[in-house]
Amino acid sequence: MNYYLLLKSLHLISVIAWMAGLLYLPRLFVYHAETSKNEEKKETFKLMEKRLFFYIMCPAMILSWLFGSLLIGSIGFESFELLWLQLKLGMVLLLTFYHFFLHYCLNSFKENYSKYSPKFYRIINEV
């Protein structure tokens with residue numbers, strides 16, 4: 001079996017799982033921010049958000065970085081000179097920053113405080 005193709009497929013699977021979480025978590029935040037008086041629903045959303053973030057998104061992000069690094073290592077580190085790879089790594093850094101911003105939002109919901117409105121979460125969900 002080809003080592004490169006194995007790494008590429010594992011990288012693709014982990015990126016898809018990470019992206020699915022990055023798209024779904026803000027939608028949960030919208031619903032959570034709109035739930036004002038129902039404490040039972042709030043607790044349910046907190047549990048769903050925590051599980052999504054820590055059991056799916058974080059491992060998927062780590063595996064995406066790991067398999068991506070191994071892919072770069074397999075094609076050679078001189079490939080850092082290529083523009084497409086520099087752009088891709090820049091975008092991955094932006095997604096990683098966004099991941100940690102969502103973690104900040106998750107922590108604010110955990111403390112029953114949301115700095116942002118449901119409209120804000122709708123916007124970041126769409127963008």
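The following exchange asks how certain labels given to parts of this predicted model are justified.

Reader: How many salt bridges does the structure hold, and what makes such pairing possible?

Author: The structure holds four salt bridges. Side chains of opposite charge can pair when their charged atoms come close.

Reader: Why is the contact of Arg 27 and Glu 126 called a salt bridge?

Author: The label requires a side-chain nitrogen of Lys or Arg within 4 Å of a carboxyl oxygen of Asp or Glu. The side chains of Arg 27 and Glu 126 meet with 3.7 Å from N to O, so the pair satisfies that limit. Arg 27 belongs to helix α1 and Glu 126 to helix α4, so this salt bridge ties together parts that are 99 residues apart in sequence.

Reader: Are the two partners, Arg 27 and Glu 126, buried or exposed, and how do you know?

Author: A residue is buried under 20% relative accessible area and exposed over 50%. Arg 27 has 18% relative accessibility and therefore counts as buried. Glu 126 has 61% and therefore counts as exposed.

Reader: What makes Arg 122 and Glu 34 a salt bridge?

Author: The closest N and O atoms of Arg 122 and Glu 34 are 2.3 Å apart, and the limit is 4 Å, so the pair qualifies. Arg 122 lies in helix α4 and Glu 34 in helix α1; the pair therefore ties together parts that are 88 residues apart in sequence.

Reader: Why are Arg 122 and Glu 34 called partly exposed?

Author: Partly exposed covers the values between the 20% and 50% limits. Arg 122 has a relative accessible area of 35%, so the term applies to it. Glu 34 has a relative accessible area of 41%, so the term applies to Glu 34 as well.

Reader: How do you know that Glu 39 and Lys 42 form a salt bridge, and what separates them in helix α2?

Author: The closest N and O atoms of Glu 39 and Lys 42 are 3.8 Å apart, which is within the 4 Å limit, so the name is justified. The two are three residues apart in helix α2 and are therefore separated by about one helical turn. Glu 39 is partly exposed, because its relative accessible area is 43%, whereas Lys 42 is buried, because its value is 17%.

Reader: Why is Phe 45 called buried and Phe 77 exposed?

Author: Phe 45, found in helix α2, has a relative accessible area of 14%; the limit for a buried residue is 20%, so Phe 45 is buried. Phe 77, in the loop between α2 and α3, reaches 56%; the limit for an exposed residue is 50%, so Phe 77 is exposed.

Reader: How far from Phe 45 is Ala 33, and from Phe 77 is Trp 65, between C-alpha atoms?

Author: Phe 45 and Ala 33, which are 12 residues apart along the chain, have C-alpha atoms separated by 9.7 Å. Phe 77 and Trp 65, also 12 residues apart along the chain, have C-alpha atoms separated by 15 Å.

Reader: What is notable about the phi of Asn 112, and why is Asn 112 called exposed?

Author: Asn 112 has a positive phi of about 60° although it is not a glycine. Asn 112 is found in the loop between α3 and α4. The relative accessible area of Asn 112 is 52%, and exposed means over 50%, so the label holds.

Reader: Which residues form the nonpolar patch on the surface?

Author: Tyr 4, Leu 5, Ile 75, Leu 82 and Trp 84 form the patch, with about 480 Å² of accessible area together. Of these, Trp 84 lies in helix α3, which spans residues 83–110.

Reader: What lines the largest pocket, and how do its residues divide?

Author: The largest pocket holds about 470 Å³ of space and is lined by 20 residues, of which His 11, Gly 68, Leu 71, Lys 88 and Val 92 lie nearest its centre. The lining divides into 14 nonpolar, four polar and two charged residues.

Reader: What space lies in the second largest pocket, and which element gives the most to its lining?

Author: About 160 Å³ of space lies in the second largest pocket. Its lining includes Met 19, Tyr 98 and Asn 125. Helix α1 gives the most, with three residues. The lining divides into seven nonpolar, one polar and no charged residues.

Key
Residues numbered from 1 in each chain as written. Predicted model: local features only at pLDDT ≥ 70, side-chain atom pairs only at ≥ 80, totals over all residues. Heavy atoms only, no water. Patch = residues over 30% accessible without salt bridge, like charges linked within 9 Å, V, L, I, M, F, W, Y side chains within 5 Å. Areas by Shrake-Rupley, 256 points an atom, 1.4 Å probe, with all protein chains shown as cover. Helix = DSSP H or I, 4+ residues; strand = E, 2+ residues; numbered from the N terminus. 1 Å grid on protein atoms, 1.4 Å probe; cavity = no way out; pocket = protein on both sides within 12 Å on 5 of 7 lines; lining within 4 Å. Points joined across faces, edges and corners; volume = space filled by probe spheres on them. Nonpolar A, V, L, I, M, F, W, Y, C, P; charged D, E, K, R; others polar. Buried < 20%, exposed > 50% of the residue type's maximum accessible area, 1.4 Å probe, protein only.
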